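Me: I would like to go through this structure and test each label against its cut-off. Please keep the replies short.

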Amino acid sequence: RIPLFYYSDYIDVGYAMPWIEAPQAVYGDGPFKSMQGINITYSQPLGPLDSQIQIYAGNNDEEIVLPNFSLDLKMDNITGMSWAIGYEWIEFRATYFLAESTGSNEQFDQLFTTLFDPTLGLGAVLGGDYVDDLRWEEDEPTFAGIGINMDWGDYFILSEATQVRNGDNIVAADVNSYYITFGTRIIDDWTFAITYTREDDE
């Protein structure tokens, strides 16, 4: 898992999170989830502050399954880092990620080549720049996120906000999203929480 979120390491382990299911507006089915590579974690107190930095790099090649459509997504030169810093009951976290990505579908690629040949038909009419925007090829997606976790034991507030930019193509939307969770553990062995989420596609 790419360490993009507070609970990236626990998405598949529900009991380790304060929700039955992580907020989909932020933790949803985006393409930036996993990689093959290296992940270096360094933890070192900064005076009274707890500090942890993660630096990672790698690549990934996987099939993204969408309704009535599948996409082979290749991500190269994945590079990113996250930094969490906390003091007693409060912790802040920031993360940034970039890569080079290419998305392809065999049937779509054949249709695209036929329709948008730069010397014929729509390709000649629209121009090369517009045709390039239709392709998901060697684009440079980025992911940025910030989070805050305030935990007083019996009560807690947890929030994350993310920004996804998918490069120059018009196939994948840019997305801004966030959630905020208010929760309590006043009853032993039980966590009660309410979460508000929002997601805006551009």
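Reply: Start with what a strand is: a DSSP run of E with at least two residues, numbered from the N terminus. By that rule residues 192-201 make strand β8, and F192 lies in it. Bear in mind that this is a predicted model.

Me: What is the overall make-up of the secondary structure?
Reply: Four helices and eight strands. From the N terminus on, the order is α-β-β-β-β-α-α-α-β-β-β-β. Of the 202 residues, 37% count as buried.

Me: Why is F192 called partly exposed?
Reply: Its relative accessible area is 41%. Buried means under 20% and exposed means over 50%. The value for F192 is 41%, so the label is partly exposed.

Me: What makes the nonpolar surface patch?
Reply: F192 takes part in it, together with W89, W152, Y155, I186, I187 and W190. The patch covers about 790 Å². Patch residues need over 30% relative accessible area, and F192 has 41%, so F192 passes that cut-off.

Me: How do you know that D151 and R185 form a salt bridge?
Reply: The N to O distance between their side chains is 2.9 Å. The cut-off is 4 Å, from a Lys or Arg nitrogen to an Asp or Glu carboxyl oxygen, so the pair qualifies. Side chains of opposite charge can pair when their charged atoms come close.

Me: Which parts of the chain does the pair of D151 and R185 link?
Reply: Distant ones. D151 is in strand β5, and R185 is in the loop between β7 (175-184) and β8. They are 34 residues apart.

Me: Why are D151 and R185 called partly exposed?
Reply: D151 has 28% relative accessibility. R185 has 30%. Partly exposed is the class between under 20% and over 50%, so both residues fall in it.

Me: How many salt bridges does the structure hold?
Reply: Two. R198 and D200 also form one, with their closest N and O atoms 3.3 Å apart. The limit is 4 Å, so this pair counts too. R198 has a relative accessible area of 42% and is partly exposed. D200, at 32%, is partly exposed as well.

Me: What makes the phi of N77 worth a remark?
Reply: It is near 55 degrees, a positive value in a residue other than glycine. Most residues other than glycine have a negative phi. N77 sits in strand β3.

Me: Why is N77 called exposed?
Reply: Its relative accessible area is 52%. Exposed means over 50%, so N77 meets the definition.

Me: Where is D189 found, and why is it called exposed?
Reply: D189 is in the loop between β7 and β8. Its relative accessible area is 83%. The cut-off is over 50%, so the residue is exposed. D189 also has a positive phi, about 65 degrees, although it is not a glycine.

Me: What makes a space a cavity and not a pocket?
Reply: In a cavity a 1.4 Å probe fits but cannot get out, whereas a pocket is an open set. A search of the whole structure finds one cavity of 30 Å³ or more. The largest cavity has a volume of about 40 Å³.

Me: Which residues line the largest cavity?
Reply: L4, F5, R93, T95, G145, I146, G147, E160, A161 and T162. Strands β4, β5 (142-151) and β6 (155-165) each supply at least two of the lining residues. By class, four are nonpolar, four polar and two charged.

Me: How do you know that T95 is buried?
Reply: T95 has a relative accessible area of 6%. Buried means under 20%, so T95 is buried. This residue is found in strand β4. Its C-alpha atom is separated by 9.7 Å from that of I53, 42 residues apart along the chain.

Me: How much space lies in the second largest pocket, and what lines it?
Reply: About 270 Å³. Of its 15 lining residues, the closest to the centre are Y6, D9, Q52, Q54 and R93. The elements that give two or more residues are β2 (50-66), β3 (69-87) and β4 (90-104). The lining has seven nonpolar, five polar and three charged residues.

Definitions and conventions: Residues are numbered from 1 along each chain as its sequence is written. This is a predicted model: local features need pLDDT of at least 70, side-chain atom pairs count only at pLDDT 80 or more; totals for chains, interfaces and linings use all residues. Side-chain values use heavy atoms; hydrogens and water are left out. Patches are made of residues with over 30% relative accessible area and no salt bridge: like charges are joined within 9 Å, nonpolar side chains (Val, Leu, Ile, Met, Phe, Trp, Tyr) within 5 Å. Accessible areas come from the Shrake-Rupley method with a 1.4 Å probe; for residues, only the protein chains shown count as cover. Buried means under 20% relative accessible area, exposed over 50%, partly exposed in between (1.4 Å probe, protein chains only). On a 1 Å grid over the protein atoms alone, a cavity is a set of points where a 1.4 Å probe fits but cannot get out, and a pocket is an open set with protein on both sides within 12 Å along at least five of seven lines; lining residues have an atom within 4 Å of a point. Grid points are joined across faces, edges and corners, and a volume is the space filled by probe spheres set on the points. Ala, Val, Leu, Ile, Met, Phe, Trp, Tyr, Cys and Pro count as nonpolar, Asp, Glu, Lys and Arg as charged, and the others, Gly among them, as polar.
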